[in-house]
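Take a look at the protein below. We will walk through it one piece at a time, starting with a sheet and ending with a few unusual spots.

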Amino acid sequence: MQAFENYDDNLEHSIWLSLLYPRFELLRELLSEDGTMFVHIDDNELGYLTVILDEIFGRKNRTHTVAFKQGSATGHKAINPGMVNTCNFILSYAKNKNKWQPKKVFTERLRDDRYNQFIENFEEDYKSWRLLPLSQAFADHCGIPKRELKKALGDVFERKITTFVTDNAHRVIQSVRPDYNNVGEEIKQAIDFSKKNPDEVHLLERNRLTDMYFKGGQRWIFYREKLKNIDGKLVTGEPLTTFWADLLSNNLHKEGDVVFPKSKKPESLIKRVIELSSDEGDIVLDSFLGSGTTAAVAQKMRRRFIGIELGNHAVTHCQPRLKRVVDGEQGGVSKAVNWEGGGGFHFCTLGDAVFDEYGCLNSEIKFPTLASHIWYLETKTPLGSKADTPLLGAHNDTAYYLLYNGILGDRRPAGGNVLTSKVLNNLPDIDKHERIVIYGESSRLGEARLKQANITFKQIPYDVGTL
Ligand SMILES: C[S@@+](CC[C@H](N)C(=O)[O-])C[C@H]1O[C@@H](n2cnc3c(N)ncnc32)[C@H](O)[C@@H]1O
């Protein structure tokens, strides 16, 4: 968690921990019941953070500790003796492990060269299938004698044979010995049958499960079962592990067209955690938005997002980056997720806190802040106007007025904040609305008078609720 950059590790370690604690408690509250929280941390703080989060989330809700390879053993770090630190960590917690449903994610791996046989006559009836070594089939395909193949293809050998295997995955196989004692009766019978009839391939068809092929008591497994569609490409896949070494980006400093040295996360990393934990339309929250990576990737992956950033880079980095994403920016993970632009976002600036830590109205707040709060409270829409008159606006045939801070020009304490006949007559457009809601310190008008003018009076601070 690099949210707090200016702390001295030794001196202010406990301050760091106490800053984090309440924030994580709040984040946990905001998380949906089946949600996941991911926290990126370096090795210095990993142990301490784990203890804090175990306490807040419950140890049983800690789902994984991922080692994320973020650097290489090169450059100045590699000069000193001893080990070179190249890893960061990602802690993942479920809000409630019983309701948590992580997704199945695959990553690309190198070709599995144990699949080294090729069905020569695949077009014929499966019973008469014959095998050829894969290397021979590939040599025939290239038109190069087998013993000269590696030399002739040199550096591109592996790439070419991988393409050949992927294109022919339905006829590239590995022959394995089944674990006879640990399989069901049906499979045992198929193995026995194929041993008794060693010249033909035997097929065991299975309802809703992969069909099985046997020859001479051996099972044939097909390369096609290893292929996964990753980012729109059919490749050799394996289930994601907790060691992420495949996300190093040479281009990180350029991603999103924003300069954010040191702290910027690769889009591919955020894509992975979003992929693991959410569906399209779900909400992703990053309360330390930095250069805006999480919001950018969430938008590209068609998730809704909330990003919070304290620094001015909310304006200089996040906002322009997101505008470019909406316009179809093609860097980072755009191609992998087939992003062509679209959607939009709201950019909001937090005003002064309306309530203090005890829930009391903050007496320091100025008219526009309270006006925005009340307008939102009443209408659930942002206040569009400048908030420089007591009339905040009208919504659904109701006009809203606020008497506060001497808005009518009377600067005496509480001047103009009390609803009297004189104040009422001076309120702008007061006779133009069907229904009226007025907020003020108190009202000197009687019930009957208010009712006659269709006015609902609400008293500050008692009727100013939290959102
Ligand atoms: C390490 S950066 C995040 C980098 C980000 N993941 C990215 O890829 O660009 C942490 C950010 O948290 C912000 N921050 C720190 N305290 C905050 C707070 N209380 N509320 C919102 N943002 C905060 C800092 O300004 C900094 O930009």
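**A walk through the model**

An open sheet is built from four strands, in the order β16-β17-β19-β21, and its pairing is mixed. Remember as you read that this is a predicted model. Look at the two ends of the sheet. β16 (391–395) and β21 (455–459) stand at the edges. Each of them has a single partner strand, so one side of each is left without a neighbour in the sheet. The strands are not lined up perfectly. On average, neighbouring strands of this sheet are turned by 20° against each other, with direction ignored.

Now step inside the sheet, to β19. This strand covers residues 435–440. On one hand it pairs with β17, in the parallel sense, over five bridges. One of the matched pairs here is Thr398 with Arg435 in β19, its bridge partner. On the other hand β19 pairs with β21, again in the parallel sense and over five bridges. Here Ile438 stands opposite Phe457 in β21. Gly440 likewise has Gln459 of β21 opposite. Is β19 mostly covered or mostly open? It is mostly covered: five of its six residues are buried.

What lies across these strands? Helix α10, residues 367–379, lies across β16, β17 (398–402), β19 and β21. The helix runs at about 15° to β16.

Stay with Phe457 for a moment. This residue sits in strand β21. Is Phe457 buried or exposed? Its relative accessible area is 19%. The cut-off for buried is under 20%, so Phe457 counts as buried. Which residues does Phe457 touch, leaving out those up to four places away in sequence? The list is Leu419, Ile438, Tyr439, Gly440, Glu441, Ser442, Ser443, Leu450 and Asp463. Sequence distance and spatial distance tell separate stories here. Phe457 and Val437 are 20 residues apart in sequence, yet their C-alpha atoms are 5.9 Å apart in space.

Move just past the end of that strand. Pro461 is placed in the segment after β21. The peptide bond from Ile460 to Pro461 is cis, with omega near 5°.

Next, visit another pair of strands. β14 spans residues 283–286, and its side chains alternate. Val284 and Asp286 point to one face and are buried. Ile283 and Leu285 point to the other face and are not buried. β14 has a parallel pairing with strand β15 (residues 304–307), over four bridges. In that pairing, Val284 stands opposite Phe305 in β15.

Helices can pack as well. Two packed helices are described by the angle between their axes and the distance between the axes. Try this on helix α1 (residues 13–30) and helix α2 (residues 46–57). They pack at an angle of about 35°, with their axes 10 Å apart. Their crossing is right-handed. Which residues meet? From α1 come His13, Leu17, Leu20, Tyr21, Phe24, Glu25 and Arg28. From α2 come Tyr48, Leu49, Ile52, Leu53, Glu55, Ile56 and Phe57. Sorted by class, this contact has ten nonpolar, one polar and three charged residues.

Two loop residues deserve a stop. Arg208 has a positive phi of about 65° although it is not a glycine. Where is Arg208? It lies in the loop between β8 (202–204) and β9 (212–215). Arg208 is exposed, with a relative accessible area of 84%. Asn338 is the other stop. Asn338 is not a glycine either, and it has a positive phi of about 60°. Its place is the loop between α9 (313–326) and α10. The cut-off for exposed is over 50%, so Asn338, at 53% relative accessibility, counts as exposed.

Finally, step back to the whole chain. The domain assignment gives domain 1 (1–102 + 240–248), domain 2 (117–229), domain 3 (249–350) and domain 4 (367–459). Domain 1 is written as two stretches, 1–102 and 240–248. How far apart are the centres of domain 2 and domain 4? Taken over C-alpha atoms, 80 Å separate them.

Terms used. Residues numbered from 1 in each chain as written. Predicted model: local features only at pLDDT ≥ 70, side-chain atom pairs only at ≥ 80, totals over all residues. Heavy atoms only, no water. Axes fitted to C-alpha atoms, helices over the stretch in contact; angles between N-to-C directions. Left-handed = near helix turned anticlockwise from the far one by under 90°. Contact = heavy atoms within 4.5 Å. Nonpolar A, V, L, I, M, F, W, Y, C, P; charged D, E, K, R; others polar. Domains from an automatic or database assignment. Pairing = 2+ DSSP bridges. Buried < 20%, exposed > 50% of the residue type's maximum accessible area, 1.4 Å probe, protein only.
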